[in-house]
Amino acid sequence: MGVLSRDHHGRKKCDYSNLEFFKPYIESVYNPVFTLNELIETNQIKYKNNVLIETFSESQNEVWVKGVDLTTSSEIQFKCRKLILAASALNSTRIVLKSLKLFNRPTHFQENAISYIPYLNIRELGSELEENSYPSACFLSFYKSKLYKNALISSFYGISGPLNSDLIFDFPLSFGSSIQAMRLLKAALFIQQVFYPGDPTLSNAMRLDEAGKVHFNFKSHARGQVESEMIRLLRPLGLLSAPFLCKYPDPGNSFHYGCTLPMREMPGPLESYKDGKLFGTKNVYIGDAANFSMLPAKNYSFTIMANSMRIARLIREG
Ligand SMILES: Cc1cc2nc3c(=O)[nH]c(=O)nc-3n(C[C@H](O)[C@H](O)[C@H](O)COP(=O)(O)OP(=O)(O)OC[C@H]3O[C@@H](n4cnc5c(N)ncnc54)[C@H](O)[C@@H]3O)c2cc1C
């Protein structure tokens, strides 16, 4: 996250209120929309809103992109020299499968499965919550379990970020007692969000049928053992929890997907070259996590941004 500590480029510095999580497009917190708007205002980019892209096709040195103008429901098409698909991993893959008419062809994908462990920090019971505390991802842990080759990475969140009204109704008490309990517990509650590494051995696959529907075959890691290990490890710090309190969202609830069109040294069908170019095409590039060759257990937006910048630079220089 990039937060302004001073006014910059017409954007005001952060006036922290701990409610930023609930406010979209706060100008002090960087969002790619700011860069996009700047590019539009300085005529460096033409932005077409409300268009659903469906397919691309290539002729000699041109790529034709077809879609639907959602305001008029009419067909629309564009011509370009190079196409960078960046509609997020699964949407880009859907466009590729439809364009190449690879219906019902399963393509592998990876997901970071997640789990949540709640903790009670007994040292903070009854403490006043600092108004200006920052509850999101207060600290990170890297954990190497014997069960997984790669590290599991997790972030710890305080619960001062959510609105009191979101939490109060989860207490199994009357309204008045819930407010009392909240005062006592709020500074003492933590949640650990654990990300699992993507696993190429799981048979996660997506396919597109001829009617345009996407089908997913989702598998997830068996979870539970790592959480028990972590709970045991953190107990000496005064963080109390129990395995039965952990939550294991179903496969598909993760925020991180990718590896559907992975970059390879020597790519084949439904894979990409190292410069992001899709195998079998002349001028079509993948600019999002579809081209990741692996999915480590971590937040990956900055990696997507860095990789797409690298690909765009290579295209410009090429
Ligand atoms: C609740 C939540 C919390 C998250 N927290 C974090 C975090 O803390 N840190 C982090 O690193 N990541 C986080 N992520 C993940 C992050 O949002 C993604 O990594 C990031 O948005 C991916 O960027 P992207 O540009 O590839 O895709 P997107 O941001 O999804 O952008 C794709 C764009 O393409 C458009 N599009 C899709 N299909 C088409 C089409 N056919 N035609 C035209 N346009 C199309 C979409 O409307 C969208 O505007 C979170 C995600 C969620 C849902």
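## Exercises on a predicted two-domain chain

With 7 C-beta neighbours inside 10 Å, S73 counts as exposed; a residue is buried if 20 or more other C-beta atoms lie within 10 Å of its own, exposed if 12 or fewer, and partly exposed in between, with C-beta atoms placed from the backbone. The model is predicted: local features need pLDDT of at least 70, side-chain atom pairs count only at pLDDT 80 or more, and totals for chains, interfaces and linings use all residues. Residues are numbered from 1 along each chain as its sequence is written.

### Exercise 1. Positive phi

Task: state where S73 and H9 lie and what phi each takes.

Solution.

Step 1. S73 is found in the loop between β2 and β3. Helices (H or I, at least four residues) and strands (E, at least two) are DSSP runs, numbered from the N terminus.

Step 2. The phi of S73 is near 60 degrees, a positive value in a residue other than glycine. Most residues other than glycine have a negative phi.

Step 3. The hairpin of β2 and β3 has four residues between the strands, and S73 is the residue with the positive phi there.

Step 4. H9 lies in the segment before α1 (32–41). Its phi is near 55 degrees, again a positive value in a residue other than glycine. H9 counts as exposed because it has 8 C-beta neighbours inside 10 Å.

### Exercise 2. The sheet with β1, β2 and β3

Task: give the strand order of the sheet that contains β1, β2 and β3, and describe its pairings.

Solution.

Step 1. The three strands form an open sheet in the order β1-β2-β3, and the pairing is antiparallel. Two strands pair if DSSP finds at least two bridges between them.

Step 2. β1 (51–58) and β3 are the edge strands, each pairing on one side only. From one strand to the next, the twist averages 25 degrees. Axes are lines fitted to C-alpha atoms, for helices over the stretch in contact, and angles run from 0 to 180 degrees between N-to-C directions.

Step 3. β1 and β2 run antiparallel and are joined by seven bridges. In this pairing, E58 stands opposite V63 in β2.

Step 4. Strand β2 (residues 63–69) pairs with β3 in the antiparallel sense over seven bridges. Here W64 stands opposite K79 in β3.

Step 5. Strand β3 (residues 74–80) has seven residues and the number buried is zero, so β3 lies largely in the open.

### Exercise 3. A second sheet and a helix

Task: find the edge strands of the sheet β5-β11-β12 and the helix that packs on the sheet.

Solution.

Step 1. β5-β11-β12 is the order of an open sheet of three strands with antiparallel pairing.

Step 2. Its edge strands are β5 (107–108) and β12 (214–217), each of which pairs on one side only.

Step 3. β5 runs antiparallel to strand β11 (residues 205–208), with two bridges joining them. The bridge partner of H108 in β11 is A205.

Step 4. Helix α2 packs on the sheet and touches β5, β11 and β12; its direction makes about 45 degrees with that of β11. Two residues are in contact if their C-beta atoms, placed from the backbone, lie within 7 Å.

### Exercise 4. The shell around the ligand

Task: state how many residues surround the ligand and which come nearest.

Solution.

Step 1. There are 15 residues around the ligand, and S88, N91, F255, N299 and S301 come nearest. A residue is near a molecule or strand if its C-beta atom, placed from the backbone, lies within 6 Å of it.

Step 2. The elements giving two or more residues to this shell are β1, α2 (89–99) and α6 (301–317). With three residues, β1 gives the most.

Step 3. By class, the shell holds ten nonpolar, four polar and one charged residue. Ala, Val, Leu, Ile, Met, Phe, Trp, Tyr, Cys and Pro count as nonpolar, Asp, Glu, Lys and Arg as charged, and the others, Gly among them, as polar.

### Exercise 5. The two domains

Task: give the domain bounds and describe the contact between domain 1 and domain 2.

Solution.

Step 1. Domain 1 is 48–103 + 258–317 and domain 2 is 113–245; the bounds come from an automatic or database domain assignment.

Step 2. The C-alpha centres of domain 1 and domain 2 lie 33 Å apart.

Step 3. In the contact, 13 residues of domain 1 meet 13 residues of domain 2. The side of domain 1 that touches domain 2 divides into eight nonpolar, two polar and three charged residues.
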